[in-house]
Amino acid sequence: EGYAMEAGHRVKVVAGAPETLVAGACVADGGLATAGFTGAPFSPINAGVQETILDFDLNAAQQNGVFTVCYCTSVGSCNREDEFDQLVGPLTMRGASENPDFACGNGGKCEISIEGFGL
């Protein structure tokens, strides 16, 4: 939620929790895209509906962990790293780690362990 939000505003996601980032990390993380999120930076999916709430579809995340959402209110095009100068807050992606390999014998007891983040 915010004030005077517009269709041209964008968000990007950077690796690491806000408290672990160095000052200015939203504009100094090395680019517009983050591993695990394709299609960044992201445009609002409900632009023009309200000026206080914008919804963003971050696509399917490919990586678990804690990330930071950064916001761009540039009058430009929000296509440069230095335009994402507002830290919004943390984003936690929970789930099982990919590519588990399980093997059990027929008719016997079968126990599996699943590793991941935030399970």
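**Salt bridges, sheet and cores in a predicted model**

Arginine 80 and glutamate 83 form a salt bridge in which the closest N and O atoms lie 3.7 Å apart. The model in which this contact appears is a predicted one. Arginine 80 has a second acidic partner, since its side chain also meets that of aspartate 82 in a salt bridge, at 3.1 Å from N to O. Arg80, Asp82 and Glu83 are thus linked in a network of salt bridges.

The members of this network can be set side by side by their accessibility. Arginine 80 counts as partly exposed because its relative accessibility is 46%, and aspartate 82, also with 46%, is placed in the partly exposed class too. Glutamate 83, by contrast, is classed as buried because its relative accessible area is 9%, which falls under the 20% limit for that class. Glutamate 83 sits in the loop between E2 and E3. Its C-alpha atom is 5.6 Å from that of cysteine 72, although the two residues are 11 apart in sequence.

A search of the whole structure gives 3 salt bridges. Outside the network around arginine 80, the side chains of lysine 109 and glutamate 111 meet in a salt bridge with an N to O distance of 2.9 Å. Both ends of this contact are open to the surroundings in terms of accessibility: lysine 109 is exposed at a relative accessible area of 73%, and glutamate 111 is exposed at 62%.

Attention now turns to the strands. What is the order of the strands in the open sheet? The sheet has 3 strands, arranged as E1-E2-E3 with antiparallel pairing. Strand E1 (10-15) and strand E3 (86-93) stand at the edges, and each has a single partner strand, so one side of each is left without a neighbour in the sheet. From one strand to the next, the twist averages 30°. As a general point, the strands of a sheet pair through backbone hydrogen bonds, in either a parallel or an antiparallel sense.

The pairing can be followed strand by strand. E1 pairs with strand E2 (residues 65-72) in the antiparallel sense over 6 bridges. Lysine 12 has cysteine 70 in E2 as its bridge partner. On the other side of the pairing scheme, E2 and E3 run antiparallel and are joined by 7 bridges. Here tyrosine 71 has glutamine 86 in E3 as its bridge partner. Of the 8 residues of E2, 7 are buried, so this strand is largely enclosed by the rest of the structure.

The nonpolar interior comes next. In soluble globular proteins, nonpolar side chains tend to be buried together. How many residues make up the largest nonpolar core? That core has 12 residues in all: Met5, Val11, Val13, Phe37, Ala40, Phe42, Leu54, Leu58, Phe67, Val69, Tyr71 and Leu91. At least two residues of this core come from each of E1 and E2, and E2 gives the most, with 3 residues. A second, separate core holds 6 residues, among them Val14, Cys70, Cys78 and Phe84. Two residues already met in the strand pairing reappear here: tyrosine 71, the bridge partner of glutamine 86, belongs to the largest core, while cysteine 70, the bridge partner of lysine 12, belongs to the second.

The loop between E1 and E2 contains serine 43. Serine 43 is partly exposed because its relative accessibility is 36%. Leucine 54, a member of the largest core, lies 11 residues from serine 43 in sequence and 9.2 Å from it in space, C-alpha to C-alpha.

Nonpolar residues are also found at the surface. Phe102, Ile112, Ile114 and Leu119 form a nonpolar patch there, and together they have about 420 Å² of accessible area. Is isoleucine 112, one of the patch residues, buried, partly exposed or exposed? Its relative accessibility is 46%, which means that isoleucine 112 counts as partly exposed. Isoleucine 112 is placed in the loop between strand E4 (95-96) and strand E5 (116-117).

Conventions. Residues are numbered from 1 along each chain as its sequence is written. This is a predicted model: local features need pLDDT of at least 70, side-chain atom pairs count only at pLDDT 80 or more; totals for chains, interfaces and linings use all residues. Side-chain values use heavy atoms; hydrogens and water are left out. Patches are made of residues with over 30% relative accessible area and no salt bridge: like charges are joined within 9 Å, nonpolar side chains (Val, Leu, Ile, Met, Phe, Trp, Tyr) within 5 Å. Accessible areas come from the Shrake-Rupley method with a 1.4 Å probe; for residues, only the protein chains shown count as cover. A salt bridge is a side-chain nitrogen of Lys or Arg within 4 Å of a carboxyl oxygen of Asp or Glu. Helices (H or I, at least four residues) and strands (E, at least two) are DSSP runs, numbered from the N terminus. Buried means under 20% relative accessible area, exposed over 50%, partly exposed in between (1.4 Å probe, protein chains only). Two strands pair if DSSP finds at least two bridges between them. Axes are lines fitted to C-alpha atoms, for helices over the stretch in contact, and angles run from 0 to 180 degrees between N-to-C directions. A nonpolar core is a set of buried Ala, Val, Leu, Ile, Met, Phe, Trp, Tyr and Cys residues joined through side-chain atoms within 4.5 Å.
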